[in-house]
Amino acid sequence: MGEYFDPQISVAIDLIRYHEHIVAFTGAGISTSSGIEDFRSPGGLWEQYNPLQYANYSVFLKKPQYYWELERAMIPRFEHARPNKAHKALVKLEKMGKLQAIITQNMDNFHQEAGSKVPVIELHGNKNRAYCMDCHTPIKRSFLTKWLKHNSGIPICPVCGGRIKPDVVLFNEPFAEDLLEQATEFAENCEIMLVLGTSLSVFPANQIPLLARKMGAKLIFINKDPTFMDKYATLRILGDLETYLPFLVSNI
Ligand SMILES: [Zn+2]
């Protein structure tokens, strides 16, 4: 770890060593070193494609071509990206019997790809899933990617010709209440919540760590940059997740 060692990390190691009910709450920052940029960051995808137009639920219902144009632009970003050491460190924590669930704001499927078997609650959906809005047939990611690469326009359901909806939560789209309920239950019952790679700027997802804290959990934040919610952290570690999280887990 050299000169970048944060003394808070040994306190975090001790906390995790003596607790068994840990829940991870993850955001874009855990996937940036996998090659998935934070869409909100300067120069990120949202600068080129205004999400209020391209990833907006009511626009999608009327003019889905905007959304599919955005998906086309996302293909090269996601196609070769894989989970990184931080995702794998959570799998290791799970194998120690300490991690009860992962609540994620990411839709990249990396926790599952890394091998996580605990419940992964995907507050914003999963880019690998889509379905027909008319006949409800599940549509495979491989079908969509291939179609978008070789065609212009809007993909339609191969079964009935109906409209396809990605299983991701778009802006202004009603939130899935059951997911929020599951996340709430894990938050209420954990002893420690690891808040990893998230600026906690997206409502209502950002209420989950606050709820955990209110119910008595300790919050350990690991982020590259400070966030406006840092005042709620029991411990705050500033640094690279792909370096710090594996180090932390392997020293428990
Ligand atoms: Zn259909």
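# Helix packing exercises

In α9, the residues L180, A183, T184, A187 and E188 touch I208, L211 and A212 of α10. That contact is our way into this structure, which is a predicted model.

**Exercise 1.** Work out which classes of residue make up the contact of α9 with α10.

*Solution.* Start with the members: α9 brings L180, A183, T184, A187 and E188, while α10 brings I208, L211 and A212. Now sort them by class: six are nonpolar, one is polar and one is charged. Next, look at the geometry. Helix α9 covers residues 177-189 and helix α10 covers residues 207-214. Their axes lie 8 Å apart, and the packing angle is about 35 degrees. Finally, the crossing of α9 and α10 is right-handed.

**Exercise 2.** Find out how α1 is oriented relative to α11, and what class of residue joins them.

*Solution.* First, locate the helices: α1 is residues 8-17 and α11 is residues 241-250. They pack at about 45 degrees, with axes 9 Å apart. Angles from 65 to 115 degrees count as roughly perpendicular and those under 35 as roughly parallel, so an angle between those two ranges is oblique. That makes α1 oblique to α11. As for handedness, α1 and α11 cross in a right-handed way. Now for the side chains: I9, A12, I13 and I16 of α1 meet Y244, F247 and L248 of α11. By class, you get seven nonpolar residues, with no polar and no charged ones.

**Exercise 3.** Do the same for α5 and α8: what is their orientation, and which classes meet?

*Solution.* Helix α5 spans residues 65-79 and helix α8 spans residues 141-150. Their axes come within 10 Å and cross at roughly 110 degrees. That makes α5 roughly perpendicular to α8. On the α5 side you'll find W68, E71, R72, I75 and E79, and they meet R141, L144, T145, W147, L148 and K149 on the α8 side. Sorted by class, the contact has five nonpolar, one polar and five charged residues.

**Exercise 4.** Step back and describe the whole chain: how many helices and strands are there, and how compact is the chain?

*Solution.* Count the elements to begin with: the chain has 11 helices and nine strands. Then check the radius of gyration: the chain's 19 Å is close to the 18 Å that the globule rule gives for 252 residues, so the chain is as compact as a globular protein of that length. Along the principal axes, the C-alpha atoms fill a box of roughly 55 × 35 × 30 Å. Buried residues account for 50% of the 252 residues. Last, take the contacts with a separation of 6 or more: 69% of them link residues 24 or more positions apart.

Terms used
Residues are numbered from 1 along each chain as its sequence is written. This is a predicted model: local features need pLDDT of at least 70, side-chain atom pairs count only at pLDDT 80 or more; totals for chains, interfaces and linings use all residues. Side-chain values use heavy atoms; hydrogens and water are left out. Axes are lines fitted to C-alpha atoms, for helices over the stretch in contact, and angles run from 0 to 180 degrees between N-to-C directions. Helices (H or I, at least four residues) and strands (E, at least two) are DSSP runs, numbered from the N terminus. Angles under 35 degrees count as roughly parallel, over 145 as roughly antiparallel, 65 to 115 as roughly perpendicular and the rest as oblique. A crossing is left-handed if the near helix is turned anticlockwise from the far one by less than a right angle, and right-handed if clockwise. Contact means heavy atoms within 4.5 Å. Ala, Val, Leu, Ile, Met, Phe, Trp, Tyr, Cys and Pro count as nonpolar, Asp, Glu, Lys and Arg as charged, and the others, Gly among them, as polar. The radius of gyration is taken over C-alpha atoms; the globule rule is 2.2 Å times the number of residues to the power 0.38. Buried means under 20% relative accessible area, exposed over 50%, partly exposed in between (1.4 Å probe, protein chains only).
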